[in-house]
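Trainee: I am new to this structure. Please take me through one part of it closely.

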There are 2 protein chains.
Amino acid sequence: MRISARTQYALGAMLALAVADSPVHAEKIAVTQDIPRRFCDNILLQLRRAGLIRSQRGPDGGYWLARPPGEIALADVIRVTEGAEQALRPFSPAAAPLAEIWDRLRSQEDALLSEITLADVIASRDRHQDRDRSSGNGQDVPSDAGRGMS
Amino acid sequence: MRISARTQYALGAMLALAVADSPVHAEKIAVTQDIPRRFCDNILLQLRRAGLIRSQRGPDGGYWLARPPGEIALADVIRVTEGAEQALRPFSPAAAPLAEIWDRLRSQEDALLSEITLADVIASRDRHQDRDRSSGNGQDVPSDAGRGMS
DNA sequence: TATCATTCCTACTATTCAAGTAGGAATAAT
DNA sequence: ATTATTCCTACTTGAATAGTAGGAATGATA
């Protein structure tokens with residue numbers, strides 16, 4: 001997995017929207033998530049075009065999630081910001097079996113990231129802030145919190 | 001996982017050495033694995049410095065594996081060529097829980113790649129070639145070519 | 001209507017990193 | 001001595017990431 005700054009910014013923005021209960025300005029997202037102002041615009045635009053968030057222009061405008069946090073997986077966001085990663089095909093016949101391994105790696109990644117939703121991340125954050133603040137090295141991220149609201 | 005061309009070249013080279021029973025020239029590796037000649041040198045040097053292969057200079061020189069193929073995991077090679085991937089740390093407190101997820105992704109990858117050895121890859125290749133060629137490859141247990149130098 | 005704050009859009013620059021090259025020194029066999 | 005190879009540092013180049021710029025479109029409010 002590559003995890004570009006753009007992706008992590010996008011996830012931060014999505015999380016910010018997930019905990020808000022009304023439209024949020026790009027300006028506020030940029031500040032709270034520490035995203036360069038114009039870059040934030042840029043990313044939000046991409047997320048909206050992908051259908052993950054909605055928006056309203058003008059004063060009193062802002063952004064909000066298109067679906068509840070429990071129905072948006074990390075993979076949904078990452079797929080948008082990372083784009084279609086072109087599979088590197090092996091160069092020689094001897095290396096051909098590697099292609100299958102790359103596939104397994106990718107589907108393994110996809111499985112994990114498809115199971116974790118924005119709601120899960122928020123829940124895990126809340127839990128860590130409750131008990132141990134110093135380390136943040138826990139190991140529990142539940143996979144189904146908040147699903148099923150459609 | 002990123003999988004650079006360099007990494008795939010390196011794995012190809014290692015596989016080439018794994019099926020050989022005597023030292024192999026960089027030239028031959030470059031040709032059979034379709035690696036740009038000088039780049040191949042470059043990669044082999046890196047693999048040698050990491051202790052994965054050994055070498056001998058001069059005419060009659062070449063490269064060979066430092067350990068038998070069954071004792072070299074793909075992860076061993078990839079760690080060398082990909083270097084220490086610095087974990088992208090989250091930018092905002094809200095995104096902090098992502099760090100744990102990136103860790104899980106990485107250890108999941110590592111688990112898979114640590115289990116698969118060069119010997120495994122070769123075996124899987126042979127299995128896939130079963131219908132084309134009759135067997136008799138006779139290189140099931142390639143081991144150290146017995147050159148204690150460099 | 002005018003004003004103003006916001007989203008929206010295209011295109012641009014800067015920086016970093018992967019990919020590959022170049023020139024030649026060191027070594028070893030003959 | 002010659003020659004074939006590995007060894008080493010540094011360089012070039014192309015692509016991708018990160019971030020910026022300028023302004024048009026929209027919508028609330030007065």
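At what angle do the axes of helix 4 of chain A and helix 5 of chain A cross?

Mentor: Bear in mind that this is a predicted model. Two packed helices are described by the angle between their axes and the distance between the axes. Take the angle. The axes of helix 4 (residues 74–82) of chain A and helix 5 (residues 98–115) of chain A cross at roughly 120 degrees. Now the distance. These two axes come within 6 Å. The crossing angle therefore makes helix 4 of chain A oblique to helix 5 of chain A.

Next, look at the residues that touch. Helix 4 of chain A brings Leu74(A), Ala75(A), Ile78(A) and Arg79(A) to the contact. Helix 5 of chain A brings Asp110(A), Leu113(A) and Ser114(A). Sort the residues of this contact by class: four are nonpolar, one is polar and two are charged.

Now step back to the two protein chains. Chain A can be laid on chain B by a turn of 179 degrees and a shift of 0.1 Å along the axis, with an RMSD of 0.2 Å. The two copies are thus related as by a two-fold rotation axis. Find Met1(A): in chain A, its C-alpha is the nearest to the axis, at 1.9 Å. The interface fits this picture. Of the interface residues of chain A, 90% are also interface residues in chain B, so the copies meet through the same surface.

Then turn to DNA strand C. It is surrounded by 27 residues. The closest are Ala26(A), Arg48(A) and Ser55(A), along with Arg38(B) and Arg57(B). By class, the residues of this surface split into nine nonpolar, nine polar and nine charged.

Which elements supply this surface? From chain A, helix 3 (37–49), strand 1 (53–56) and strand 2 (62–65) each supply at least two residues. From chain B, helix 1 (5–19) and helix 3 (37–49) each do so too. Helix 3 of chain A gives the most, with five residues.

Which part of the DNA faces the protein? Of the atoms of DNA strand C within 4 Å of the protein, 71% belong to sugar or phosphate, and the rest to bases.

Three contacts with DNA strand C are worth finding on the model. A backbone N or O atom of Ala5(B) lies 2.8 Å from a phosphate oxygen of the strand. A side-chain N or O atom of His25(A) is 3.4 Å from a phosphate oxygen. In Arg2(B), a side-chain N or O atom is 3.4 Å from a sugar or linking oxygen.

Technical notes. Residues numbered from 1 in each chain as written. Chains lettered and ligands numbered in written order. Predicted model: local features only at pLDDT ≥ 70, side-chain atom pairs only at ≥ 80, totals over all residues. Heavy atoms only, no water. Axes fitted to C-alpha atoms, helices over the stretch in contact; angles between N-to-C directions. Helix = DSSP H or I, 4+ residues; strand = E, 2+ residues; numbered from the N terminus. Parallel < 35°, antiparallel > 145°, perpendicular 65-115°, else oblique. Contact = heavy atoms within 4.5 Å. Nonpolar A, V, L, I, M, F, W, Y, C, P; charged D, E, K, R; others polar. Near = heavy atom within 4 Å. Polar contact = N/O pair within 3.5 Å; in protein donor to acceptor, adjacent residues only side chain to side chain. Least-squares fit on C-alpha atoms with pLDDT ≥ 70 in both.
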